[in-house]
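This report is meant for a reader who is meeting the structure for the first time. It begins with single residues and then widens to strands, the surface near the DNA and the chain as a whole.

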Amino acid sequence: MPVHNADVAAIFNEIADLLEIQSANPFRVRAYRNAARSVGEHGRSVQTMIGQGEDLKIIPGIGDDLAGKIAEIAGSGTCELLERLRKTLPAAITELLQIPGLGPKRVRALHEALDIQTLEDLDRAARQGRIRLLPGFGEKTEQRIIENIEARLNKSRRFRLDVATQYAEPLLKYLQAGQGVDAVFAAGSFRRLRDTVGDLDVLVAARDSAAATRRFTHYEEVKTVLASGDTRSSVVLACGMQVDLRVVAPESIGAALVYFTGSKAHNIALRRVAQTQGLKINEYGVFKGTQRIAGETEDSVYRTIGLGWVPPELREDRGEIEAARTGHLPTLIEPGDLRGDLHAHTKATDGHDGLRDMALAARQCGLSYLAITDHSQRVAMAHGLDPIRLAKQIDEIDRLNAVLEGITLLKGIEVDILEDGSLDLPDSILARLDIVLGAIHSHFGFSRARQTERVLRAMDNPYFSILAHPTGRLIGERDAYDIDLLRVIRKARARGCYLELNAHPERLDLLDTYCQMAKGEGVLVAINSDAHSRLEFANLRYGIGQARRGWLEKADVLNSRSLAELRPLLARTVCAAEST
DNA sequence: GCCGTTTTCGGCCCGACTGTTTTCAGTCG
C-alpha cells in the first residue's frame with residue numbers, strides 16, 4: 001500500500017493533537033507539527049526515499065526518532081505511538097480541536113467532566129446548557145460552540161489542491177499503465193486548478209472500457225466502490241476522497257474533456273452558443289443533427305462553434321466565452337515568466353534556512369532575485385525582528401550580495417499592520433529596505449469598515465510596498481477577514497503599491513476573482529512563495545495556477561519584471577505617497 | 001523530539017485577547 005507524504009503528515013498531526021490534549025511537553029508536540037508540515041510539503045515521496053535507501057534526516061525537523069516513525073508508517077501504514085495514544089483517548093476527540101475556541105485544555109476538560117468524545121456529544125451538551133456549568137466555560141463559549149459546529153456541518157469536505165495532487169498523480173499514473181489505455185486525464189476542478197477539490201474527476205480514453213474500469217476499482221487505495229458500470233464508476237479512496245471515472249472512446253476524448261472539465265456554468269454557456277448555430281454539444285462530440293462533426297480534441301470542439309480554445313483555468317463563465325469569440329482571450333502567465341520572488345522567510349524568524357541557502361535555492365528555481373521578508377517584532381511567536389535585528393540582517397544581506405552570483409537578495413520585511421493601521425516598525429528602519437510587505441496577523445474579527453480603514457491607513461505609510469496575503473484566509477481552516485478589497489485595490493493604485501498573491505497552497509490569497517479585479521483596476525499583483533524553507537519555492541506553481549484563474553498575464557505580475565525594471569516600480573511607492 | 005559557528009544538553013514561543021474571573025487560564029497566531 002503506497003503511503004503518501006500527506007498520510008505521514010496526517011498521522012504526525014494526530015499524534016500532536018493527542019499529545020497536546022494529554023498535556024505533553026509542548027516542544028515535543030511542536031516537533032510533531034513541524035515534522036508534519038515538513039514531510040507534507042517535502043517535494044519527494046518519503047516512501048520512495050526509503051526505497052532508494054536515502055536518509056530521511058535531510059528533511060528539516062526529522063531526526064533519528066521521527067525518521068524511524070516515518071519508516072514504520074511507510075511500511076505498515078500506521079504507527080505504534082498513535083495506536084497507543086488512541087487507546088488512552090477516544091479517536092474522534094481530535095476533531096473537537098477543529099472547533100474554533102476549543103484548544104487542548106478545554107477538550108480535555110470536556111472529555112473528563114462530561115465524557116464528550118465526538119462533535120455530536122459536544123453539540124448535545126452545548127444545547128442542553130451543560131457546558132456553561134463547567135469551570136472556565138460560560139454562556140458565550142457555549143453559544144460559540146453551537147454556532148461553530150453548525151458552520152462546520154454545512155461545509156462538505158474538500159481537499160486542498162496540493163493535497164489532492166498527492167493522491168491524484170499516482171492514481172493517474174497507475175491508470176495510464178493499464179492495457180489498451182490511450183490516455184488518462186484529470187478533469188473537473190482539479191484540472192481547472194481550483195484551490196480545493198471535492199471529487200476528483202478522471203477521464204480515460206480506452207477501447208476496452210470494462211477492463212479500464214476494473215483496473216480502477218481494483219486500485220489498492222480504493223476503500224469503497226460506490227458505483228461500477230461499463231463506462232462510469234465511482235470510488236472512495238482510503239484518504240476519503242471520492243474519485244469518479246469516465247471511460248470514453250479515443251475519438252471522443254476532446255468532447256469528454258470539455259464536458260468533464262466544466263465548470264457546469266461554462267458548459268451551459270458553451271451549449272447555448274452551439275444551440276444558436278443549430279449545433280449540439282455533449283460528452284461525445286459536437287453534432288449537427290445526428291452527424292458528429294467534432295470531438296477528437298478540445299480545440300476542435302471550441303473551433304467548431306466559432307470559439308478559440310479556452311484554457312481550463314478560465315472555464316468559470318466569467319467572460320471567457322465572449323473573449324474566446326472575439327479573440328480576446330488573455331495569454332496567461334506561465335511558470336517560466338517569474339523572474340523573482342518577493343516574500344520569503346529565514347531562520348531569523350520562523351523559517352528553516354539561512355539567507356545563503358534561500359538565495360541559492362531561489363536561483364536553482366530560475367529566479368534572479370529574492371526578497372527576504374521576515375516577520376516584525378509584533379509576531380512574537382515567530383521571534384519577529386526588532387529594528388536592531390533587522391538592521392543586522394540588512395548588513396548581512398549587503399555582504400552576501402557582494403559575493404552572490406546570479407541572484408540578488410532584496411532587503412525586506414513582512415511588517416505587521418497594527419490595530420490602528422500603523423506599522424510595527426519605525427519609518428527610520430523601513431527607509432533602509434528595498435521592499436516592505438504589510439500584513440495582518442491579528443484582530444481578524446474587526447468589522448468590514450474598521451478592517452478596511454486599518455489597511456488603507458497602512459498604505460499611507462510611504463514605505464509600504466505590497467499588501468501580503470490580502471484576505472488572511474487559510475483554506476479549510478479560517479475564512480477571509482471581512483474587508484472591502486475594491487477600496488484597497490484602488491488605494492493601492494493611488495499610492496503606487498501592490499497586492500500579493502500568496503502562492504502557499506493553504507493560502508492562495510489573493511483569490512482568483514480579486515486578481516481579476518486588480519487587473520481591471522490596473523494594479524500589479526506579486527506572486528510570492530512565502531517560502532519558509534528552501535524547498536517551498538516549488539509552491540510558486542500553485543500561485544501561477546491561481547493567477548491564471550484570475551486572468552493574469554505576464555504584464556500583470558510585478559515579479560515578472562527584471563530586477564532593473566522592478567526597482568523603479570518599488571521606488572515609486574515613496575514618490576506617489578509624497579506627491580499626495 | 002529536534003538541533004548545534006556558546007554543540008551532545010539545554011533551549012525551543014511569547015504577547016495579546018477573550019471570557020471568565022476578581023487575578024487569570026486558555027487560545028491564537
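## Two residues with positive phi

D530 counts as buried, because it has 27 C-beta neighbours inside 10 Å, and a residue needs 20 or more such neighbours to be placed in that class. Like everything described here, this comes from a predicted model. D530 lies in the loop between β17 (525-528) and α22 (540-549), and its phi is positive, about 55°, although it is not a glycine.

W551 is found in the loop between α22 and α23 (563-579). Its phi is also positive, near 70°, in a residue other than glycine. With 24 C-beta neighbours inside 10 Å, W551 counts as buried. Why do such phi values deserve a remark? Most residues other than glycine have a negative phi.

## A cis peptide bond

Another local feature of the backbone is the peptide bond from G262 to S263, which is cis, with omega near -5°. Most peptide bonds are trans. S263 itself has its place in the loop between α12 (253-261) and α13 (264-276).

## The hairpin of β5 and β6

Strand β5, residues 222-228, is hardly covered, for the count of buried residues among its 7 residues is 0. A hairpin through 3 residues joins β5 to β6, and the strands β5 and β6 (residues 232-237) pair in the antiparallel sense over 5 bridges. Within this pairing, V222 stands opposite L237 in β6. In a regular strand the side chains alternate between the two faces of the sheet.

## An open sheet of three strands

Further along the chain, 3 strands form an open sheet in the order β8-β9-β10, with antiparallel pairing. Its edge strands are β8 (280-282) and β10 (291-294), each of which pairs on one side only. Neighbouring strands of this sheet are turned by 40° against each other on average, direction ignored.

How many bridges link β8 and β9? The strands β8 and β9 (residues 285-288) pair in the antiparallel sense over 3 bridges, and N282 stands opposite G285 in β9.

## The surface near DNA strand B

Which residues come nearest to DNA strand B? Of the 32 residues around that strand, the nearest are G63, G103, K105, R106 and G138. The elements that give two or more residues to this surface are α2 (26-40), α4 (64-76), α6 (104-114) and α8 (139-153), and α2 gives the most, with 4 residues. By character, the residues of the surface near DNA strand B divide into 12 nonpolar, 10 polar and 10 charged.

Helix α8 is also where Q143 is found. Q143 is partly exposed, with 13 other C-beta atoms within 10 Å, a count that falls between the limits for exposed (12 or fewer) and buried (20 or more). The C-alpha atoms of Q143 and G354 are 211 residues apart along the chain and are separated by 46 Å.

## Annotated stretches

An unreviewed UniProt entry places the feature "domain: Helix-hairpin-helix DNA-binding motif class" at residues 54-73, 94-113 and 129-148. Over residues 54-73 the chain is 50% helix and 0% strand, and the end C-alpha atoms are 16 Å apart. Over residues 94-113 the chain is likewise 50% helix and 0% strand, with the end C-alpha atoms 17 Å apart.

The UniProt annotation "domain: Polymerase/histidinol phosphatase N-terminal", again from an unreviewed entry, covers residues 340-419. Over residues 340-419 the chain is 31% helix and 22% strand, and the end C-alpha atoms are 31 Å apart.

## The chain as a whole

The secondary structure of chain A comes to 23 helices and 17 strands. The radius of gyration of chain A is 26 Å, close to the 25 Å that the globule rule gives for 580 residues, so the chain is as compact as a globular protein of that length.

Along its principal axes, the C-alpha trace of chain A spans about 75 × 60 × 55 Å. Of the 580 residues of chain A, 46% count as buried, and D530 and W551 count as buried too.

Conventions. Residues numbered from 1 in each chain as written. Chains lettered and ligands numbered in written order. Predicted model: local features only at pLDDT ≥ 70, side-chain atom pairs only at ≥ 80, totals over all residues. Pairing = 2+ DSSP bridges. Axes fitted to C-alpha atoms, helices over the stretch in contact; angles between N-to-C directions. Near = placed C-beta within 6 Å. Nonpolar A, V, L, I, M, F, W, Y, C, P; charged D, E, K, R; others polar. UniProt positions renumbered as here; feature names shortened; annotations may be inferred. Rg over C-alpha atoms; globule rule 2.2 N^0.38 Å.
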